[in-house]
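Colleague: Could you walk me through the reasoning behind the labels on this model? I would like to see each label set against its cut-off.

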Amino acid sequence: MPTEESDIKYRILFAAKKLFAKQGFDATTVRQICEEAGANVALVSYHFGGKNNVFSAIFEMFFPGILMSEWDKYRNKPVEGIRELLKNVIYFRMSDPEMVAIFQREISSSSPRVETIQRYLHPIWRMLRSFLEEGRNQGLFRFNSLDNTLLFILGTVVFYRNNSFLDPLLSDPFPSFDQLYEDTCQFIFGGLGYTHQN
């Protein structure tokens with residue numbers, strides 16, 4: 001059972017995540033976070049040591065992380081590895097759009113907090129890069145530039161339907177997880193020239 005102290009820390013982090021996603025880190029004050037959390041304004045300093053540490057704590061709390069040791073089984077199975085990675089990333093995108101909004105806002109503004117985001121995201125993207133390289137070495141994938149291919153895939157996965165700008169051009173309802181996952185896999189593996197899909 002959570003203690004009162006852990007409960008207030010959770011409430012502060014949930015409130016900060018919501019506000020950072022909606023209005024950005026810089027536009028969000030500690031007072032607003034505490035009002036949203038129903039907490040005394042002094043508790044941010046007491047529990048976290050300031051707003052910057054709240055930002056880091058949000059990642060510790062809400063980013064699922066991927067233990068690299070769990071991915072060893074895919075080291076020589078790049079197709080299975082990419083499919084599993086895409087499944088995890090798409091699930092995270094759909095289940096926590098606030099965290100995705102924070103990523104995108106901070107990355108697009110090249111904020112000083114990008115280093116925090118890199119600590120969490122870069123290991124995943126390095127793993128994707130290694131799967132692509134292994135797939136090419138095994139003759140499963142065909143592409144010219146590893147860098148360009150990685151960037152194309154990241155663009156597909158990270159920035160999928162991230163705002164309403166293109167909505168007037170779209171006619172389908174927002175897809176289910178299964179539909180989005182399968183469509184993403186089909187698109188990416190098609191682009192990689194992989195022809196042995198199930």
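What follows is a short conversation about how the labels on this predicted model were reached.

Colleague: What makes the fold of the protein chain helical in your description?

Modeller: The protein chain has 9 helices and 0 strands. Read along the sequence, the pattern is α-α-α-α-α-α-α-α-α. The C-alpha trace spans about 60 × 45 × 35 Å along its principal axes.

Colleague: Why is Thr-149 called buried?

Modeller: Thr-149 sits in helix α8, which covers residues 146-158. Its relative accessibility is 9%, and buried means under 20%, so Thr-149 counts as buried. Leaving aside residues up to four places away in sequence, Thr-149 touches Leu-132, Phe-143 and Leu-192.

Colleague: And why is Thr-156 given another label, partly exposed?

Modeller: Thr-156 is also placed in helix α8. Its relative accessible area is 25%. Partly exposed lies between the buried limit of 20% and the exposed limit of 50%, so Thr-156 is partly exposed. Its contacts, not counting residues up to four places away in sequence, are Thr-184, Phe-187 and Ile-188.

Colleague: How do you know how far Thr-156 is from Tyr-120 in space?

Modeller: That is a C-alpha to C-alpha distance, and it comes to 19 Å. Along the sequence, Thr-156 and Tyr-120 are 36 residues apart.

Colleague: Arg-113 carries a charge and lies in a loop. Is Arg-113 buried or exposed, and what makes it so?

Modeller: The loop in question runs between α6 (97-108) and α7 (114-137). With a relative accessible area of 8%, under the 20% cut-off, Arg-113 is therefore buried. The residues Arg-113 touches, apart from those up to four places away in sequence, are Phe-25, Asp-26, Asn-52, Phe-55 and Glu-106.

Colleague: What makes Met-127 buried?

Modeller: Met-127 belongs to helix α7. Its relative accessibility is 7%, and the limit for buried is under 20%, so Met-127 counts as buried. The C-alpha atoms of Met-127 and Phe-63 are separated by 17 Å, with their positions 64 residues apart along the chain.

Colleague: How do you know that there are 0 disulfides?

Modeller: A disulfide would need a pair of cysteine sulfur atoms within 2.5 Å. A search of the whole structure finds 0.

Colleague: Why are Cys-34 and Cys-185 called buried, then?

Modeller: That label rests on accessibility. Cys-34 is at 2% and Cys-185 is at 0%. Buried means under 20%, so Cys-34 counts as buried, and so does Cys-185.

Colleague: What makes a group of residues the largest nonpolar core here?

Modeller: Membership asks for buried nonpolar residues joined through side-chain atoms within 4.5 Å. The largest such core has 58 residues. Those with the most contacts inside it are Phe-20, Ile-82, Leu-85, Trp-125, Leu-128, Leu-132 and Phe-141. Taking Leu-128 and leaving out residues up to four places away in sequence, its contacts are Ile-82, Leu-85, Leu-150, Ile-153 and Leu-154. In soluble globular proteins, nonpolar side chains tend to be buried together.

Colleague: And for the protein chain as a whole, what share of residues is buried?

Modeller: Buried residues make up 41% of the 198 residues. The accessible surface comes to about 11,800 Å², and carbon and sulfur atoms hold 51% of that. Among contacts with a separation of 6 or more, 68% join residues 24 or more positions apart.

Colleague: Last one: how far apart are the mean positions of the positive and negative charges?

Modeller: For the 21 positive and 23 negative charges, the two mean positions are 2 Å apart.

Key
Residues numbered from 1 in each chain as written. Predicted model: local features only at pLDDT ≥ 70, side-chain atom pairs only at ≥ 80, totals over all residues. Heavy atoms only, no water. Helix = DSSP H or I, 4+ residues; strand = E, 2+ residues; numbered from the N terminus. Buried < 20%, exposed > 50% of the residue type's maximum accessible area, 1.4 Å probe, protein only. Contact = heavy atoms within 4.5 Å. Areas by Shrake-Rupley, 256 points an atom, 1.4 Å probe, with all protein chains shown as cover. Charge placed at Lys NZ, Arg CZ, Asp CG, Glu CD.
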